[in-house]
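Please open the model in a viewer and keep the selection panel at hand. The stops below are meant to be taken in order.

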Amino acid sequence: WKSPKPHARIARKIRAIAPLAETIETADKANANWTAGLIIQMNDASPDYPAMVLGNYILGSGMGSRLFARIRGKEGLSYGVGASFIAPVTDDDARFSAYAICAPQNAPKVEASFKDELGKILAEGYKPEEVEAAQKSWLQSRQVSRANDAELVSRLAGHRYWGRTMAYDSNLEQKIAALTPEQVQAAMKRHLDLAQLSIVRAGDFKKAGVTW
């Protein structure tokens, strides 16, 4: 089979988007969904990329994350909560996002706690022991991932497409292992701005008596 047209990758360039706050009523739904997002001018070769990966890992990846420990563990406001950060190989439109699933009446508190927790991180940074533990955990997760045949093949195929080798992975892991708390905080302060976050809430807020 031959394609009638030559292959051309569609470039994804960052564009300015005004932050929004939108509430969507979903009548008779037991759970509410809360999400926040921000587009960042960055790709995975950018100098701040390793620090953003580790910073987000501490903020919202897994049960040991800041968001899970506070919003789910301490405050009991959410069934599931987390954050993600992805950046393209080329182009410049990295994406930061956060999410929570909760009872509709808890959604305003979830939003307030998220903003407060992220605000504290941007203002105070992470503790050295947090960063050290996260580095060990993140690096171990990479080793476990490479032990899975399907994930390893997928990674190799992706590298082949972009003209990379596993040396990229090794280099990234060395950079993340060498990060200091100050470097992580500085990168997050440069790229995350609470005032620029777009927030969307969906739930049966009227029934729960919630107003935004």
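The tour goes from a central strand to two pockets, then to two helices and two loop residues. Please bear in mind throughout that this is a predicted model.

**Stop 1: strand β2**

Select residues 32–41, which form β2. Display the side chains: Ala32, Trp34, Ala36, Leu38 and Ile40 point to one face and are buried. The alternate residues, Asn33, Thr35, Gly37, Ile39 and Gln41, point to the other face and are not buried.

Next, add β4 (93–102) to the selection. β2 and β4 run antiparallel and are joined by ten bridges. To find one of the paired positions, centre on tryptophan 34, whose bridge partner in β4 is alanine 100.

Now add residues 198–203, strand β5. β5 also pairs with β2 in the antiparallel sense, here over five bridges. At glycine 37, the bridge partner in β5 is serine 198.

**Stop 2: the second largest pocket**

Remain at β2 and turn to the second largest pocket, with a volume of about 280 Å³. Its lining consists of 14 residues, and Ile17, Gly37, Leu38, Ile39 and Ser198 are the closest to its centre. Which element gives the most to this lining? β2 does, with three residues; β4 also supplies at least two. By residue type, the lining divides into eight nonpolar, three polar and three charged residues.

**Stop 3: the largest pocket**

Select Asp44, Tyr49, Phe85, Ile86 and Ala87, which lie nearest the centre of the largest pocket. The space in this pocket is about 580 Å³, and 26 residues line it. Colour α1 (49–60), β3 (78–86), β4, α4 (128–146), α5 (149–162) and α6 (167–177), since each of these elements gives two or more residues to the lining. The largest share, five residues, comes from α5. The lining comprises 13 nonpolar, six polar and seven charged residues.

**Stop 4: helix α6**

From the pocket, move to α6, one of the elements that line it. Select Asp169, Leu172, Glu173 and Ile176, which are buried. Why do these four residues lie on the same side of α6? They do so because they cover an arc of only 100° around the helix axis. Among the elements that cover them are α1, α4 and α5.

**Stop 5: helix α7**

Select residues 181–191, helix α7. Its buried residues are Pro181, Val184, Gln185, Ala187 and Met188. These residues cover an arc of only 165° around the axis, and therefore they fall on the same side of α7. Rotate the view to the other side of α7, where Glu182, Lys189 and Arg190 are exposed. On the buried side, the residues of α7 pack against α1, α3 (107–124) and α4.

**Stop 6: two aspartates in loops**

Centre on aspartate 28, in the loop between β1 (21–25) and β2. Its phi is near 70°, a positive value in a residue other than glycine. Is aspartate 28 buried or exposed? Aspartate 28 is exposed, with a relative accessible area of 65%.

Finally, select aspartate 91, in the loop between β3 and β4. Aspartate 91 has a phi near 65°, again positive in a residue other than glycine. Its relative accessible area is 11%, and aspartate 91 is therefore classed as buried, the cut-off being under 20%.

Note on methods
Residues numbered from 1 in each chain as written. Predicted model: local features only at pLDDT ≥ 70, side-chain atom pairs only at ≥ 80, totals over all residues. Heavy atoms only, no water. 1 Å grid on protein atoms, 1.4 Å probe; cavity = no way out; pocket = protein on both sides within 12 Å on 5 of 7 lines; lining within 4 Å. Points joined across faces, edges and corners; volume = space filled by probe spheres on them. Nonpolar A, V, L, I, M, F, W, Y, C, P; charged D, E, K, R; others polar. Buried < 20%, exposed > 50% of the residue type's maximum accessible area, 1.4 Å probe, protein only. Pairing = 2+ DSSP bridges. Arc of directions from axis to C-beta. Contact = heavy atoms within 4.5 Å.
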